[in-house]
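Visitor: Before we examine this model, I should like to learn how its features are to be read. May we begin with the vocabulary and then proceed to individual cases?

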Amino acid sequence: MICSQTGWGGQPIRVHGGPGGTQQDISDRVVPVTTAKRIRVTFNASVSDVLPWKFTPQQREVRVLPGETALAFYTATNKGDKDIIGVATYSVTPAQCAPYFSKIQCFCFEEQRLNAGETVDMPVFFYLDPDLLTDLNMKGVETVTLNYTFFKARYDDNGRFTPPATM
């Protein structure tokens, strides 16, 4: 929870806060800055060794303006002979980009049940917050990478889901 609110450890912030920590309407943030250079966003995918899934991005990269929304897709296939529930974690590199990578909709940290042999497409709807343009730590950053890793979902003795560690 701390990582998703602060961007610490390469975890993107889900919705960028407004002045004084107040919640801002997302429509105020998703205005493309047409005077800025496009930023290359690349996509990586991996799967834990105990999960018999194939998981890949459908595109290698997109190029976006700060404030411009983008939609990317990943594909997951359960190559096993049993239904399996997986959960994805994510990070953004370089780490200083994480506070500005805002996901509007995503499949991470939610249980994804794939039947044996099933293939599904998983969307990620995001934008790079325009505030990155005034951050000196972002100077010279031209490429941002979104990394996802799928793990087999774990349950405790009471049948409650236990998310994988992300930090």
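Guide: Helices (H or I, at least four residues) and strands (E, at least two) are DSSP runs, numbered from the N terminus. This is a predicted model, in which local features need pLDDT of at least 70, side-chain atom pairs count only at pLDDT 80 or more, and totals for chains, interfaces and linings use all residues. Residues are numbered from 1 along each chain as its sequence is written, and side-chain values use heavy atoms, with hydrogens and water left out.

Visitor: How many helices and strands does the protein contain, and in what order do the elements run?

Guide: The protein has two helices and eleven strands. Read from the N terminus, the order is α-α-β-β-β-β-β-β-β-β-β-β-β.

Visitor: Which backbone features should one note in the loops?

Guide: Two residues deserve attention. Proline 94 sits in the loop between strand S5 (84-93) and strand S6 (101-105), and the peptide bond leading to it from threonine 93 is cis, with omega near -5°. Phenylalanine 109 belongs to the loop between S6 and S7; its phi is near 60°, a positive value in a residue other than glycine.

Visitor: Is phenylalanine 109 buried or exposed?

Guide: Buried means under 20% relative accessible area, exposed over 50%, and partly exposed in between (1.4 Å probe, protein chains only). Phenylalanine 109 is partly exposed, because its relative accessible area is 31%. For the protein as a whole, buried residues make up 42% of the 167 residues.

Visitor: How many disulfides does the structure hold?

Guide: In general, a disulfide is a covalent bond between the sulfur atoms of two cysteines. Here the criterion is a pair of cysteine sulfur atoms within 2.5 Å, and the structure holds zero disulfides. As for accessibility, cysteine 97 is buried at 2% relative accessible area, and cysteine 108 is buried at 1%.

Visitor: Which residues of the largest nonpolar core touch the most other members?

Guide: In soluble globular proteins, nonpolar side chains tend to be buried together. A nonpolar core is defined as a set of buried Ala, Val, Leu, Ile, Met, Phe, Trp, Tyr and Cys residues joined through side-chain atoms within 4.5 Å. The largest one here has 35 residues, of which Phe107, Phe126, Leu146 and Tyr148 touch the most other members. At least two residues of this core come from each of strand S1 (39-47), strand S2 (53-57), strand S3 (61-64), strand S4 (69-78), S5, strand S8 (119-128) and strand S9 (143-152).

Visitor: What does phenylalanine 126 touch?

Guide: Contact means heavy atoms within 4.5 Å. Leaving aside residues up to four places away in sequence, the contacts of phenylalanine 126 include Val41, Phe43, Val62, Ala72, Phe101 and Ile104. Across the protein, among contacts between residues at least 6 apart in sequence, 75% join residues at least 24 apart.

Visitor: How do the strands pair, and in which sense does S1 run relative to S3 and S9?

Guide: Two strands pair if DSSP finds at least two bridges between them. S1 and S3 are antiparallel, with four bridges, whereas S1 and S9 are parallel, with eight bridges. Arginine 40 illustrates both pairings: its bridge partner in S3 is arginine 63, and in S9 it stands opposite threonine 143.

Visitor: Which strands pair with S5?

Guide: S5 joins S7 through three bridges, in the antiparallel sense, and isoleucine 84 has leucine 114 as its bridge partner in S7. S5 also joins S9 through eight antiparallel bridges, where serine 91 is partnered by asparagine 147. Eight of the ten residues of S5 are buried.

Visitor: How should one read a buried polar side chain, and what does the side chain of asparagine 78 reach?

Guide: One examines its polar contacts. A polar contact is a pair of N or O atoms within 3.5 Å; within protein, one must be able to donate a hydrogen and the other to accept it, and residues adjacent in sequence count only if both atoms are side-chain atoms. Asparagine 78, in strand S4, is buried at 1% relative accessible area, and its side chain reaches the backbone oxygen of lysine 82 at 2.9 Å. Its C-alpha atom is separated by 6.0 Å from that of leucine 114, 36 residues apart along the chain.

Visitor: Where does glutamine 112 lie, and which backbone oxygen is found by its side chain?

Guide: Glutamine 112 lies in strand S7 (residues 112-114) and counts as buried because its relative accessibility is 17%. A polar atom of its side chain lies 3.3 Å from the backbone oxygen of phenylalanine 107. Glutamine 112 also touches residues including Trp53, Ile84, Met122 and Phe150.
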